[in-house]
Amino acid sequence: MTDLEKYVDGLFRNQRVTPELKDLKEEIVSNMIAKRDDLVAQGMDAESAAERAKQSLSAVDFLIDGNQLTDVGRYRLECRQTVLLHSILFWIFSFPLLFTGYASVSYAGLFCVIVSGCACLLGRNQPADGVGVLSVTASERHRKMAWRIWGLFFLVAVGTMAALTFGSDIWFGRPLNISGPYQMANIAVRFYLPLLTIFIPITFSSFSKLLLRNRKGQEDE
């Protein structure tokens, strides 16, 4: 048994042995050996390379359902790129607000683009984080929670806007009175604002997809 195999066995010493666990251990050992050999090829001595490979994974929670080995560095980079893309889309869709009293929302979108763009540039220069264990179950739970919270927010926001805009006419049985295009545009903007926030749950959904796509070994399948 090699030194790396002993190290991996130590990580799993408190876990119940199952066929799935054995396969996972073999995959971890294989990844560590590949990392060690790559470092040796770059000029590092074998002992130091083995220690560096061990440092890439110091703890495991593999028996928790929904966990997976993930290329953490690539996953985080793609998450930052996704945030940048969605920030750009938010900013573009907020352009009409520049001609209303809600221009600050469009400026906030531009600010998000700048911040997320800087985060992407800085992230590209950072060293890869190697292999890590991330929870697919938790990511899916966060995705569903984001959609539920947004859905509740959207219903409350739209309902409140409708009540404030048309409540008196409905209460007193009067026909809805919209005096012209300007008032129509103002009303439309009020309902458009909460709709713009849909990029938040969309971003969380993208994180879940990226997590599955960056499962370690996915590129070999």
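The unreviewed UniProt entry lists four stretches under "transmembrane region": residues 83–99, 105–123, 149–171 and 191–212. In the predicted model examined here, two of these stretches can be described in some detail. Residues 83–99 are 65% helix and 0% strand, and the C-alpha atoms at the two ends are 26 Å apart. For residues 191–212 the helix content is 91%, again with 0% strand, and the end C-alpha atoms lie 35 Å apart.

Aromatic side chains offer a good way into this part of the model. The structure holds 6 aromatic pairs. One of them joins Phe93 and Phe199 in a tilted arrangement, with 6.0 Å from centre to centre and 45° between the planes. This pair brings together distant parts of the chain, since Phe93 belongs to helix α4 (residues 72–93) and Phe199 to helix α8 (residues 199–213), 106 residues apart. The two partners also differ in their surroundings: Phe93 is partly exposed at 43% relative accessible area, whereas Phe199 is buried at 14%. A second pair is formed by Phe204 and Phe207, whose ring centres are 6.0 Å apart; their planes meet at 65°, so the pair counts as edge-to-face. Phe204 and Phe207 sit 3 residues apart in helix α8, and therefore about one helical turn separates them. Phe204 is partly exposed, with 33% relative accessibility, while Phe207 is buried at 18%. Ring pairs also draw Phe90, Phe93 and Phe199 into a cluster.

Phe93 has a further role to note in the description of the surface. Together with Ile92, Phe95, Leu98, Phe99 and Tyr107, Phe93 makes up a nonpolar surface patch with about 660 Å² of accessible area. Within this patch, Phe95 lies in the loop between α4 and α5 (103–124) and is partly exposed, with a relative accessible area of 34%.

Attention then turns to strand β2 (residues 131–135), where Val131 is found. Val131 is buried, at 16% relative accessible area. Beyond its neighbours within four places in sequence, Val131 is in contact with Ser56, Leu57, Leu69, Thr70, Val72 and Lys216. The C-alpha atoms of Val131 and Asn31 are 8.5 Å apart in space, although 100 residues separate the two in sequence.

Charged side chains complete the picture. Side chains of opposite charge can pair when their charged atoms come close. Across the whole structure, 5 salt bridges are found. In one of these, Lys54 meets Asp3, with 2.5 Å between the closest N and O atoms. This bridge, too, connects distant parts of the chain: Lys54 is in helix α3 (residues 46–55) and Asp3 in helix α1 (residues 3–11), 51 residues apart. Lys54 counts as buried at 11% relative accessibility, but Asp3 is partly exposed at 45%. Lys54 also forms a salt bridge with Glu51, at 3.4 Å from N to O. Here the partners are 3 residues apart in helix α3, so about one helical turn lies between Lys54 and Glu51. Glu51 is partly exposed, at 38% relative accessibility. Salt bridges thus link Asp3, Glu51 and Lys54 in a network. Elsewhere, Arg36 and Asp37 join their side chains in a salt bridge of 3.3 Å, N to O. Arg36 is partly exposed at 24% relative accessible area, and Asp37 is partly exposed at 41%.

Note on methods. Residues are numbered from 1 along each chain as its sequence is written. This is a predicted model: local features need pLDDT of at least 70, side-chain atom pairs count only at pLDDT 80 or more; totals for chains, interfaces and linings use all residues. Side-chain values use heavy atoms; hydrogens and water are left out. UniProt positions are given in the numbering used here, feature names are shortened, and annotations may be inferred rather than shown by experiment. Helices (H or I, at least four residues) and strands (E, at least two) are DSSP runs, numbered from the N terminus. Rings of Phe, Tyr and Trp (its six-membered ring) pair if their centres lie within 6.5 Å; planes under 30 degrees apart count as stacked, over 60 as edge-to-face and the rest as tilted. Buried means under 20% relative accessible area, exposed over 50%, partly exposed in between (1.4 Å probe, protein chains only). Patches are made of residues with over 30% relative accessible area and no salt bridge: like charges are joined within 9 Å, nonpolar side chains (Val, Leu, Ile, Met, Phe, Trp, Tyr) within 5 Å. Accessible areas come from the Shrake-Rupley method with a 1.4 Å probe; for residues, only the protein chains shown count as cover. A salt bridge is a side-chain nitrogen of Lys or Arg within 4 Å of a carboxyl oxygen of Asp or Glu. Contact means heavy atoms within 4.5 Å.
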